[in-house]
Amino acid sequence: MQANYVSGGCGISLMTLLQINVHQSETGLFGTPIPDLFDHMFQAGLTPYEKKKYVWKMLYIYMLGYDVDFGHMEAVSLISAPKYPEKQVGYLVTSTLLNENHDFLRLAINTVRNDIIGRNETFQCLALTLVGNIGGREFAESLAPDVQKLLISSSCRPLVRKKAALCLLRLFRKNPDVVNVDGWSDRMTQLLDERDLGVLTSSVSLLVALVSNNHDSYLSCLPKCVKILERLARNQDVPQEYTYYGIPSPWLQVKTMRALQYFPTIEDPNTRRSLFEVLQRILMGTDVVKNVNKNNASHAVLFEALALVMHLDAEKEMMSQCVALLGKFIVVREPNIRYLGLENMTRMLMVMDVQDIIKRHQAQIITSLKDPDISIRRRALDLLYSMCDISNAKDIVEELLQYLSTADFAMREELSLKAAILAEKFAPDLSWYVDVILQLIDKAGDFVSDDIWFRVVQFVTNNEDLQPYAALKAREYLDKPAIHETMVKVSAYILGEYSHLLNRRPGCSPKEIFSIIHEKFPTVSTSTVAILLSTYAKILMHTQPPDPELQNQIWEIFTKYESCIDVEIQQRAAEYFALSRKGAALMDILAEMPKFPERQSSLIKKAEDTEADTAEQSAIKLRTQQQTSNALVLTDQHPANGTTPVGPLSLVKMPSMNNVDHNLADQGVAQANGTLTVVDPQPPGPSANVIGDLLGSLAIGGPPGTATQTEHNSGSGLGGAPDTEDALAIAPIEEHTNTVQPIGDIAERFLALCLKDSGVLYEDPHIQIGIKADWRGHHGQLVLFLGNKNTAPLVAVQALILPPAHLRMELSLVPETIPPRAQVQCPLEVVNLRPSRDVAVLDFSYKFGTQVFNFKLRLPATLNKFLQLITVSAEDFFPQWRSLSGPPLKLQEVVRGVRPMSLVEMANLFNSFRLIVCPGLDPNANNVVASTTFYSESTRAMLCLVRIETDPADRTQLRMTVASGDPTLTFELKEFIKEQLISIPTASRAPSPVPPHTQPMGPPQAQPSSSPAAVSDPGAILAGLL
Amino acid sequence: MIRAVIVMNDQGKPRLVKFYDYQPVEKQQELIRTIYGVLCSRAENLSNFIQADSIFGPDARLVYKTYATLYFVFIFDSSENELAMLDLVQVFVEILDKCFSNVCELDIVFNFNKVHTILDEIILGGQVLETSSSEVVKAVEEISKLDRASNGSMLVPKSISGWTSR
């Protein structure tokens, strides 16, 4: 400890207050005097010195976790102090305490600007530091030109210029427009000729930010970067103070190589050659030495060089040299280098085909799983996970399982998840997969999420060959003295379904199975009790002829739980009890569960999602994204003609879902890798579905699974009945001619979907497109169901949404291929921004055989979908109605040529659009009054009121008044209702004359020319026909 | 970009905290506590890296170095090189050492203002500003000189001669 800390300034003030050992809590020093400090700060007549002192103290207590907003103003006001010491404190404290959006910063912006353009270099430095730390958009707009001037000025000292460079970087990040690309790229190139290494370091940082945004414009900087690297690598003209442990500025070397990684390639052969010479030198010339700091510095450069080599796609030779180096690193003593070696191997796997070379180090990587350092163990786990493929999956997964029992708790969850994913992705055979998952549950039950055991149940259910094996395994685990509850769940489920397959084995009679399961009964939680009850019911059903003793035992349990406090259990107990007394009828109801519809594993999806989240935002990432995802997922092979599925798993190649058309070449590479991909007909749907399915099916439904089965087989998950009788009615609205005839009338289907939320949107001999929608306020969640009706795959599937201006729509990725007889779900998010009647269009195309089919479909995201019911009483209605007086909020129009309809029909029509008719509000019986709420982002929930005055003598005309709080909404709603009232159904009367209404506003694109109501309302159709 | 620099002692008391992306004060304290919880359980002779994405969100990395009773922690994102950051920690400490001749925890507590000034000469807005220790020391001395010069002309009775009286 130093004796002479008797310095001035704060030191003294702290000392006087302290007078004790500093290790005694500071709260005694800084914590309690906050009120004092507060008082002090607002005393009048403080000397600048005192002010300065209090502001420093404030920063200190802020660091200790106290809010000091009472002093923000003081700190900011010090910025405009004339003397340097106060100014310095003001600047420094402000830039630590405030964030860029703080209002007080506005007060300082003028002073800051004056300091920057002033002549005083020390003031310039202070101001640049503040702006570089917390400058926001406002600063960017007002200061960027001045900062640029400082950076390129030849008269400024390096101290100012390097700060200006980083300050400009900050401003650029806040508002990229402040750097004019055309003018600045030349300047940037010149800046890289700088001799002063301090300025150069900052400039390269600036370059990295600029290039990551737009590399094309800064191509001229590329050779300069290589020059800088050459200068440093050869140690030419590097001043002593920039040599760090004998290495010429490792930071600058690293930054320069980082900048180079943002350029896609280096085309100029000369530049490329000299760069590779430098890189070669770095790769070869770095050794592990005794001095830790020197090691760190030299390896910082080396690892960056490795990253650059990977990025540049160097020659095979150089690559294998890199892998060899990494192989060396993962065994060195220095933990940092081991860590980075493993990490870089993982990264290398992501970008190129080095799997085979890395596999040679597998044993060493597995050893790293036992490293004393958890950081290294994690990296080793990551690497094992990414290097796993079908050839080494067994080894790696078994290694992970073994490690699971000794792993620390912090890692177990990740470990078990990864083991489960790998087992699923690369299972050489399914019985092995079942083994792995059961072991996993056995060893780390607490860390096995529900997804994992649901998945194993799905596999077993869908693969008949597997069922006896799984049942046997489950039975074996039950013999263990203490097993995890998850194990109880999964074995009870499997045994309930399949224990009859084991009948002839010793210890596997229904009675024995029951008793061994029932042993666990007292210790399990309610959710497991529910599963066990189902199991008992199933055991009972499988015991033929019935065993009276077993029956009584089980009935006793059912009777006992009929009065359970948990509703689920109570219901199950009561129903099972009643059912099991029905004798033979039980067989039908409790028959084996049907196969689950296949879908992508929620685990794999989860893994992919997190990968997407964490992958780094760099050139490397961009390239990885372009590569195909080789995820293995499972397909179901539906017996197209009654034959049973042959193999449990069929392996099919699936092209990636993203960027499909841009990287056929990449795909080729991926295929050549020999990784197998299994197609999953269901694209990522909500992962909760898996759970829903399983839990749903655990309870007894009606006749088992018929609904699911038919639904699945027909390739449509929808309730909408395809009306095939209309097969010949072709509605060529907005449709490209193609050789395939749609089944059903597209326009009619659209109109029907305007009124209901699910149904078939389109169907032809190859494909059926269904839609299911859920509307909440101004949000809509649609799911497109794309069902392939053929036994051959549909390829080159493309779906493009052409949204109108008022809708924001986001369609999740549509797979390029739809496997035979499979159905794919594509969620589509809709947000309604403002009122409008325009309709979104889906541009859909696919290829079947050699023919390409393309058609455009209107999507039923119409104005009325964003309406919601509201009932308005007379007391509410009239004040509202009166307060909205006259245009533009209240519009009135006399409509002629109305399709004649009775008042009841009209009311029905309105109600079907969720414009709720309020009977009795209007004293005149010939009038209809309706109300609704409209939702959009701009209007939020908005009440709309409608009044229709009809003329009993002439039903073809009426007067309509629409009112709402938003002029556009009023207009759009009025036009929308008018369209519904005057249009005539087109379905049966082919080319009807365009209804005589005019559309004064809004683009006519995709306007429904016929009325949805007409179809839905038989009365109206009849009226129209008469 | 460097997201934060934290110096704390082996009891988890913060000695220097600077966040380059703004965090509210409660969040800062929470982060410091979490980091301390991880650091204090680590043995010696392990790597200097810690998985930080659970603490700071995806893409975050953390290096730390222990000097006597102090942890020096740098948090940054993937645009920085881990080992280069570790070198920067070393440079920071070497500079402190030069400025306080054989720096100890108390120096940092009592000259907390000066430590801030030094840090501002090394890192600006989350980017490395200067890596040469002699350049930084030069800049800091210049600031001290200005401080002194200006204080000298003030009519404050006691001597408040700033940094360089040591």
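The legends below accompany close-up views of a predicted model, covering the interface of chain B and chain A, a sheet in chain A, and a salt bridge between helices.

**View 1. The interface of chain B and chain A in the predicted model****.** On one side 83 residues of chain B take part, and these are in contact with 89 residues of chain A. The area buried between the two chains is about 7,200 Å², and carbon and sulfur atoms account for 55% of that area. Within chain B, the residues that lose the most area to chain A are B:Leu83, B:Phe110 and B:Leu124, which together make up 10% of what that side buries.

**View 2. Salt bridges and polar contacts between chain B and chain A****.** Six salt bridges are found across this interface, and B:Glu121 with A:Lys163 forms a salt bridge in which the closest N and O atoms are 2.8 Å apart. Between chain B and chain A there are 26 residue pairs in polar contact, counted where both residues have pLDDT 80 or more. On the side of chain B that touches chain A, helix α3 (residues 82–100) of chain B gives the most, with ten residues. Divided by residue class, that side of chain B comprises 31 nonpolar, 30 polar and 22 charged residues.

**View 3. An open antiparallel sheet of five strands in chain A****.** The strands of chain A follow the order β3-β4-β5-β8-β7, and their pairing is antiparallel. At the edges stand β3 (758–763) and β7 (807–811) of chain A, each of which has a single partner strand, so one side of each is left without a neighbour in the sheet. From one strand to the next, the twist averages 25°.

**View 4. The β3 edge of the sheet in chain A, with the helix that packs there****.** Strand β3(A) runs antiparallel to β4 (residues 767–776) of chain A, and five bridges join the two strands; A:Glu763 has A:Gln768 in β4(A) as its bridge partner. Helix α37 (residues 746–755) of chain A packs on the sheet, where this helix touches both β3 and β4 of chain A, and the direction of α37 makes about 165° with that of β3(A).

**View 5. A salt bridge between two helices of chain A****.** Over all chains the count of salt bridges comes to 55. In the pair shown here, the side chains of A:Arg455 and A:Glu424 meet at 2.8 Å, N to O. The pair links distant parts of the chain, with A:Arg455 in helix α24 (residues 450–462) of chain A and A:Glu424 in helix α22 (residues 409–426) of chain A, the two residues being 31 residues apart.

How values were computed: Residues are numbered from 1 along each chain as its sequence is written. Chains are lettered from A and ligands numbered from 1 in the order in which they are written. This is a predicted model: local features need pLDDT of at least 70, side-chain atom pairs count only at pLDDT 80 or more; totals for chains, interfaces and linings use all residues. Side-chain values use heavy atoms; hydrogens and water are left out. Contact means heavy atoms within 4.5 Å. Buried area is the accessible area (1.4 Å probe) that two parts lose on being put together, summed over both. A salt bridge is a side-chain nitrogen of Lys or Arg within 4 Å of a carboxyl oxygen of Asp or Glu. A polar contact is a pair of N or O atoms within 3.5 Å; within protein, one must be able to donate a hydrogen and the other to accept it, and residues adjacent in sequence count only if both atoms are side-chain atoms. Helices (H or I, at least four residues) and strands (E, at least two) are DSSP runs, numbered from the N terminus. Ala, Val, Leu, Ile, Met, Phe, Trp, Tyr, Cys and Pro count as nonpolar, Asp, Glu, Lys and Arg as charged, and the others, Gly among them, as polar. Two strands pair if DSSP finds at least two bridges between them. Axes are lines fitted to C-alpha atoms, for helices over the stretch in contact, and angles run from 0 to 180 degrees between N-to-C directions.
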